[in-house]
Amino acid sequence: MNNILLPTSTAGSLPKPSWLAQSETLWSPWKLQGEQLIDGKHDALRIAIQEQQFAGIDIVSDGEQSRQHFVTTFIEHLDGVDFENRKTVKIRDRYDASVPTVVGPVSRQKPVFVNDAKFLRKQTNKIIKWALPGPMTMVDTLYDAHYQSREKLAWQFAKILNQEAKELEAAGVDIIQFDEPAFNVFFDEVNSWGIACLERAIEGLKCQTAVHICYGYGIKANTDWKKSLGSQWRQYEQVFPKLKQSNIDIISLECHNSRVPIELLELIRGKKVMVGAIDVASNNIETPEEVAETLRKALKYVDADKLYPSTNCGMAPLSRQVARGKLQALSAGTEIVRKELLAQ
Ligand SMILES: [Zn+2]
């Protein structure tokens, strides 16, 4: 796919401009409507690409500028889900959220992100990555009054995601990433059907595929949860053996400033790994040396040709200035390690 050593990317979202949506807020309502909103999203997407390219990021994305939330925006476009009929449920077994209800068979009548992906493709010659929610995380962000089975609903979502993914691939997307923070919580389900559903979602794809598994955005519910996890975060250990056997090409992980024992990466040796070297739960901008140090540790367990420096998670809740600084730190830190590898 590319000959770049240690190609850099982000996990997904970037902050939105303040004229488009309330800054530093998840699920922020749009400030524009109708045609103005469509234009505004495209303008924001152009800026997001420009910011990434200016910072020297190798694999660029839309920064999720055209979606309000990484899961619900996709679900909004599906039939069978009632957004008026909302229920409060505990999501990721962690915090209450008001979510829509599945009221009938779910289906996708038309493409969701394909036009946005075509637009992104026209703006850049770089490798492009597109994020979709994973089936299990979709199920975990809904109230299901129809299937009454997380597994059955996830399987339906996997089929829908596969339709969307095939069209994204045809639109020129190089890497399709599925966001599965739920994989860090529901280990029995991940191993019994979560990874199988993910493999159904990528069936027949020729482009690269990735799964992003993190400890969430830097919001309070997540940082509180992290404090309860003890001195070693061994969640990845539960899902890595089965993920290693799966057809997914790339695994995107949280590594910097986290308590994940880095040696767990040995369990997925042979896979490509997007190593999170930027903490998204802090406004402190990493120094290039800090980024480099995280990458050096990961290199003990990930072969250099399979290591993709990245961010721990999306940066939507951060200020634009902080996100910009973090993108630059990621590039500069990666450059230090590239030079070291080439000098060996
Ligand atoms: Zn994440």
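Start with the whole chain in view: its secondary structure comes to 10 helices and 10 strands. The radius of gyration is 19 Å, close to the 20 Å that the globule rule gives for 344 residues, so the chain is as compact as a globular protein of that length. Keep in mind that this is a predicted model.

Turn the chain along its principal axes, and the C-alpha atoms fill a box of roughly 60 × 45 × 40 Å. Of the 344 residues, 46% count as buried. Among contacts with a separation of 6 or more, 78% are between residues 24 or more positions apart.

**Stop 1: α5 and α6**

Select residues 150-170, which are helix α5, and residues 187-201, which are helix α6. Two packed helices are described by the angle between their axes and the distance between the axes. Here the axes come within 7 Å and cross at roughly 25°. Angles under 35 degrees count as roughly parallel, and therefore α5 is roughly parallel to α6. The crossing of these two helices is right-handed.

To see where they meet, show side chains on both. On α5, pick Arg 150, Glu 151, Ala 154, Trp 155, Ala 158, Lys 159, Leu 161, Asn 162 and Ala 165. On α6, their partners are Glu 189, Trp 193, Cys 197, Arg 200 and Ala 201. Coloured by class, the contact of α5 with α6 has 8 nonpolar, 1 polar and 5 charged residues.

**Stop 2: from α6 to α8**

Keep α6 selected and add helix α8, residues 235-245. This pair packs at an angle of about 15°, with the axes 9 Å apart. That angle makes α6 roughly parallel to α8. In passing α8, α6 makes a right-handed crossing.

The residues to show on α6 are Phe 187, Val 190, Asn 191 and Ile 195. They meet Gln 238, Val 239, Lys 242 and Leu 243 in α8. By class, the contact of α6 with α8 has 5 nonpolar, 2 polar and 1 charged residues.

**Stop 3: α9 and α10**

Move on to helix α9, residues 288-298, and helix α10, residues 320-343. Their axes come within 7 Å and cross at roughly 55°. At that angle α9 is oblique to α10. The crossing in which α9 passes α10 is right-handed.

From α9, select Pro 288, Glu 290, Val 291, Ala 292, Leu 295 and Arg 296. From α10, select Ala 329, Leu 330, Ala 332, Gly 333, Thr 334, Ile 336 and Val 337. By class, the contact of α9 with α10 has 9 nonpolar, 2 polar and 2 charged residues.

**Stop 4: Leu 318**

Next, select Leu 318, in the loop between β10 (307-310) and α10. Is Leu 318 buried or exposed? It has 23 other C-beta atoms within 10 Å, and a residue with 20 or more counts as buried, so Leu 318 is buried.

Leaving aside neighbours within four places in sequence, Leu 318 is in contact with Pro 15, Glu 24, Val 280, Asn 283 and Ala 323. For a sense of scale, go back to Cys 197 from the first stop. Leu 318 and Cys 197 are 121 residues apart in sequence and 32 Å apart in space, C-alpha to C-alpha.

**Stop 5: Asp 62**

Now select Asp 62, in the loop between β1 (59-60) and α2 (72-76). Asp 62 is buried, because 28 other C-beta atoms lie within 10 Å. Beyond its neighbours within four places in sequence, Asp 62 is in contact with Leu 45, Ala 48, Asp 116 and Leu 120. Add Gln 52 to the selection: Asp 62 and Gln 52 are 10 residues apart in sequence and 9.6 Å apart in space, C-alpha to C-alpha.

**Stop 6: two residues with positive phi**

Most residues other than glycine have a negative phi. Gln 148 is not a glycine, yet has a positive phi of about 55°. Find it in the loop between β5 (143-144) and α5. Gln 148 is exposed, with 9 other C-beta atoms within 10 Å.

End at Asn 257, in the loop between β8 (250-254) and β9 (272-276). Its phi is near 60°, a positive value in a residue other than glycine. Asn 257 counts as partly exposed, with 18 C-beta neighbours inside 10 Å.

Key: Residues numbered from 1 in each chain as written. Predicted model: local features only at pLDDT ≥ 70, side-chain atom pairs only at ≥ 80, totals over all residues. Helix = DSSP H or I, 4+ residues; strand = E, 2+ residues; numbered from the N terminus. Buried ≥ 20, exposed ≤ 12 C-beta atoms within 10 Å, placed from the backbone. Contact = placed C-beta atoms within 7 Å. Rg over C-alpha atoms; globule rule 2.2 N^0.38 Å. Axes fitted to C-alpha atoms, helices over the stretch in contact; angles between N-to-C directions. Parallel < 35°, antiparallel > 145°, perpendicular 65-115°, else oblique. Left-handed = near helix turned anticlockwise from the far one by under 90°. Nonpolar A, V, L, I, M, F, W, Y, C, P; charged D, E, K, R; others polar.
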